[in-house]
Amino acid sequence: MPPKRRTAGTPSREQKSGSRKSSSPDTKHSSVVTPEKHEEKDPEFVTLCKDLLVTNLVCDNAWATWESVAKSAEKVNGSNKPLWGACIFISAVDLEDMCFTFTELQKAIGLSLKQFFNLVKKMDENVDTISPKVNSAVAKLEKKYEVSLALYQRFVKTCAKIYSAPDESKKQELLHSSWIMFLLAKGTVLQMEDDLVIAFQLLLCVLEFCTKRCPSTLLQPLYRSAITTAAQSPPTRTSRRSKAKPRPPEVDVQLLETLCKESDCSMDEVKNVYQSSFCAFLDSMNLAGSQELPSQAFVDTFSEEYEKLYHKNKDFDARLFLVDDETLSLGKVDTPAVEITPRKNESGEESVPIPPQTPIRAAMCSIQQLRGELTSASDQPSGNLIVYFKNCTVDPSEEITKRVEQLGQVFCQKFAEAVGQRCEGLGKERFTLGVQLYYKVMESMLKSEEKRLSVQNFSILLNNTTFHTSLLACALEVVMATYVGNSLKNGNENGNETDLCFPWILDVFQLYAFDFYKVIESFIKAEPTLKHNMIEHLGRCEQQIMESIAWKADSPLFELLRQSREEGPGEQAESPATLNQPLQHNHTAADLYLSPLRPSRRVPAAEVDTSAVPSTQPPVPGTRQHRSNSLSLFYKKLYRMAYLRLKMLFSHLLTSHPELEHIIWTLLQHTLQNEYELMKDRHLDQLMMCAMYAICKVKNVDLRFKTIVTAYKELPNTNQEIFKHVLIREGQYDSIIVFYNLVFMQKLKTNILQYSSPRPPPLSPIPHIPRSPYKYPSSPLRVPGGNVYISPLKSSRMTPSAMTPRSRILVSIGESFGTSDKFQKINQMVSSTDWSLKRRLEGDSTPKPLKRLRFDVDGQDEADGSKSSGESTLIQKLAEMSSARSRMQEQKLKEEAEKEDPEP
């Protein structure tokens with residue numbers, strides 16, 4: 001019987017072509033490239049575009065990209081063709097008009113995947129060369145390739161253990177049919193094909209299906225004996241002729257158990273994938289009742305159906321792994337030498353080296369360890385927890401159970417939407433693991449609080465919804481990170497929406513990042529079995545929250561800061577005077593979640609603890625509240641992280657000017673403390689780079705933004721979108737140069753200019769940097785940006801449009817990452833004294849440009865026509881004299897500060 005033809009999600013070539021033409025932004029340019037319209041371009045470039053069937057619009061944009069990089073780009077293997085191919089790819093992604101698959105592009109330019117990825121990274125020297133959309137597409141493609149490569153390598157090793165076919169051609173036939181069947185199943189069942197664990201579990205289902213239908217003479221002894229007799233018996237004559245709907249295939253438990261045992265994989269999870277997802281795939285292929293290996297006709301059908309998926313996704317053809325195609329090859333140059341650490345025996349002699357774990361083996365071991373640690377834990381409250389619940393003034397048992405049930409439904413639904421609608425059962429299994437960990441950690445926390453306070457009534461804490469939601473979210477993050485590999489979402493709004501990495505769990509539970517951060521440290525302390533890599537992961541989550549996620553426009557952090565400011569100058573989020581004091585890690589979840597609900601500051605904190613008090617009286621009118629513990633700790637950690645970031649970037653750029661580090665830090669600390677609105681919907685590193693540029697500008701140190709971002713890209717785990725895609729005003733984004741000129745410098749120029757005066761502001765203390773309680777490296781991370789918004793800028797004390805000779809020197813001019821027309825709005829802002837330009841930021845009509853700035857060739861910053869050369873020279877001399885007068889005083893202040901606040 002011929003297999004069913006799938007129609008959903010696999011349009012025909014004619015449908016795809018029609019869809020592409022109708023969705024083109026301009027029908028005039030949507031036709032396939034015609035050589036006569038591109039006579040000014042290189043004929044070989046036009047031929048390449050024609051071979052890839054790209055449109056005229058893509059061809060034009062690709063050539064423009066090529067012209068922008070041609071001077072700095074080097075030929076690959078003596079040819080420009082690979083570079084042209086990269087430009088065509090960039091243009092097609094940006095215009096969302098991909099007319100070719102990635103493999104077709106590779107074949108046309110003769111590059112492997114790894115070579116192409118490296119080429120794109122080398123091309124991205126200029127901020128405007130490659131957009132965040134292209135970066136996201138490349139990252140997604142690279143991740144899918146890494147997962148596919150790991151799966152294929154494990155597939156080959158596993159098949160070598162299963163099959164013992166004496167005829168090599170027969171063995172290759174088995175591998176060919178099994179792999180193509182798996183590729184089709186993965187593309188059909190999973191929406192998120194780069195999930196290594198679920199894809200591997202699906203691969204085991206395919207191998208179980210093929211192995212139990214394989215003749216016993218072609219199997220290794222282990223798998224020959226694992227197949228049950230019932231599975232090997234041929235179908236009866238009646239069943240063959242029956243027209244009734246075939247029964248779903250039954251899992252050979254013994255065989256599947258053998259496959260899972262050999263792979264350190266959970267039998268229950270694989271069985272769940274088999275019954276919920278793989279059986280549906282078999283039914284769609286009309287293989288549910290088959291007792292034989294798929295025939296060649298079926299294999300051809302698999303290949304045809306996969307061909308449709310491959311062309312729809314426009315990515316690489318994973319069937320080429322079977323023939324060791326060069327497009328999927330790692331290449332000799334790109335293959336790193338395997339680093340192995342020899343293990344010594346008791347006598348001190350070196351023994352056999354231990355090779356590193358493969359990605360799949362590492363993932364399976366982590367999952368196995370987590371499940372092992374939760375073996376004795378229950379997904380219901382333990383007896384000890386029930387006692388704690390009963391001791392509360394208000395018993396929280398019913399609310400806790402109801403909340404877990406409701407959040408479980410939400411989690412499973414969102415999980416299925418992300419991974420695949422038939423994977424809801426897998427989501428339920430992961431949620432159950434999270435609930436087990438949730439109750440386990442909760443009990444540990446309460447025992448610790450009972451020991452600390454000698455009380456058993458935790459009514460307020462245990463009836464706090466935010467605390468419970470945050471604790472459950474943290475437990476689930478541990479589970480999810482164990483399965484997806486401890487990774488963080490890169491934050492590109494054009495990225496993969498099905499990414500389960502942090503902060504996905506916050507979106508699922510609609511939980512504020514600032515509330516989630518409060519539980520992280522207590523969670524780590526309360527769960528001693530957490531592995532080192534998981535502690536590092538939670539530490540990175542905390543960093544990501546502090547540097548960007550907690551600063552979203554709707555974050556409760558801003559309300560706490562506003563309340564803190566209203567209390568007066570003495571009620572800062574965290575006084576700079578405490579920066580050089582050691583950071584105390586003695587805060588508990590109760591301290592943070594119940595803060596600032598504490599009595600009058602006349603009562604010492606040690607005498608009253610609301611985590612143990614069943615109820616609190618409202619504060620008497622006129623009395624002052626304690627400062628928020630959660631806000632205070634947040635800022636203490638934020639300051640220390642910001643200084644470490646700054647110190648790392650400083651070491652790459654300004655080692656010849658060590659005196660500037662303390663000044664830059666003072667400006668950054670001042671910004672975070674007093675101008676925290678600049679952090680709204682932005683990233684800490686954006687303010688850090690702007691502070692560095694501003695101080696270098698006012699101190700006459702030649703450091704350009706392009707140099708800063710080039711060094712920033714070299715730091716570990718950075719994201720280029722941080723400096724390419726910065727919020728300017730509501731709905732408007734641009735590069736970090738535009739942000740500096742239109743926002744940062746306008747808000748802080750009065751403060752910045754003080755550092756060139758004879759009496760500069762006092763320097764902030766250098767933070768005391770202790771050893772991290774999480775034992776993770778403090779380094780910049782890839783973090784999310786997102787489609788966010790901000791209110792219009794408020795007027796500063798010094799109007800942005802009134803540029804004085806002193807403030808004019810702060811503007812970033814004479815350099816650009818792209819074309820000068822992008823800086824039209826900067827020219828209008830800094831070169832005009834027309835007050836109507838100030839209203840431009842507030843939404844008024846666009847004014848006419850009055851003056852323009854000249855972007856010089858040799859890198860010097862100057863204005864053309866607006867000032868005479870004599871006046872420009874005078875401004876420069878005044879700045880030099882001011883700098884010379886202040887250097888001696890700065891050096892003296894630095895020496896005094898180092899004596900008072902020595903660096904650790």
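Colleague: What does the protein chain average in pLDDT, and what share of the residues score at least 70?

Modeller: This is a predicted model. The average pLDDT of the protein chain is 76, and 68% of the residues reach at least 70. Residues 332-354 stay under 50, and the model has 22 contacts beyond four places in sequence for them. Residues 832-872 also stay under 50, with 65 such contacts.

Colleague: What makes up the protein chain in terms of helices and strands?

Modeller: The chain has 35 helices and two strands. Of its 904 residues, 52% are buried. Among contacts between residues at least 6 apart in sequence, 78% join residues at least 24 apart.

Colleague: How do you know that the span of helix H23 agrees with its 14 residues?

Modeller: The rise is 1.5 Å a residue, so the 14 residues of H23 (residues 513-526) should span 20 Å. The end C-alpha atoms of H23 are 20 Å apart, which agrees. H23 also bends by about 25 degrees at isoleucine 520.

Colleague: Why is H23 called largely enclosed by the rest of the structure?

Modeller: Because 13 of its 14 residues are buried. Buried stands for a relative accessible area under 20%. Two residues numbered within H23, Phe514 and Tyr517, belong to an aromatic cluster. Other members of that cluster include Trp551, Phe634 and Trp665.

Colleague: How many aromatic pairs does the structure hold?

Modeller: The structure holds 40 aromatic pairs. In one of them, the ring centres of tyrosine 145 and phenylalanine 316 are 6.1 Å apart and the planes stand at 85 degrees.

Colleague: Why is the pair of tyrosine 145 and phenylalanine 316 called edge-to-face?

Modeller: Pairing needs centres within 6.5 Å, and edge-to-face needs planes over 60 degrees apart. With 6.1 Å and 85 degrees, the two rings pass both tests, so the pair is edge-to-face. The pair links distant parts of the chain, 171 residues apart: tyrosine 145 is in helix H7 (residues 132-162), and phenylalanine 316 is in the loop between helix H15 (296-313) and helix H16 (359-373).

Colleague: What makes tyrosine 145 and phenylalanine 316 count as buried?

Modeller: The cut-off is under 20%. Tyrosine 145 has 0% relative accessibility, so it counts as buried. Phenylalanine 316 has 2%, so it counts as buried.

Colleague: Why is asparagine 61 called partly exposed?

Modeller: Partly exposed covers what falls between under 20% and over 50%. Asparagine 61 has 31% relative accessibility and therefore counts as partly exposed. Asparagine 61 sits in helix H3 (residues 56-69), and it touches Ser91 and Leu95, leaving aside residues up to four places away in sequence.

Colleague: What is the phi of leucine 53, and what is that of aspartate 324?

Modeller: Leucine 53 has a positive phi of about 60 degrees although it is not a glycine. For aspartate 324, phi is near 55 degrees, again a positive value in a residue other than glycine. Most residues other than glycine have a negative phi.

Colleague: Why is aspartate 324 called exposed, and leucine 53 partly exposed?

Modeller: Exposed needs over 50%. Aspartate 324, in the loop between H15 and H16, has a relative accessible area of 63% and is therefore exposed. Leucine 53, in the loop between helix H2 (43-51) and H3, has 47% relative accessibility, so it counts as partly exposed.

Conventions
Residues numbered from 1 in each chain as written. Predicted model: local features only at pLDDT ≥ 70, side-chain atom pairs only at ≥ 80, totals over all residues. Heavy atoms only, no water. Helix = DSSP H or I, 4+ residues; strand = E, 2+ residues; numbered from the N terminus. Buried < 20%, exposed > 50% of the residue type's maximum accessible area, 1.4 Å probe, protein only. Contact = heavy atoms within 4.5 Å. pLDDT = per-residue confidence, 0-100. Expected span 1.5 Å × (residues − 1). Bend = angle between axes of the 7 residues up to and from the residue. Phe/Tyr/Trp six-rings, centres within 6.5 Å; stacked < 30°, edge-to-face > 60°.
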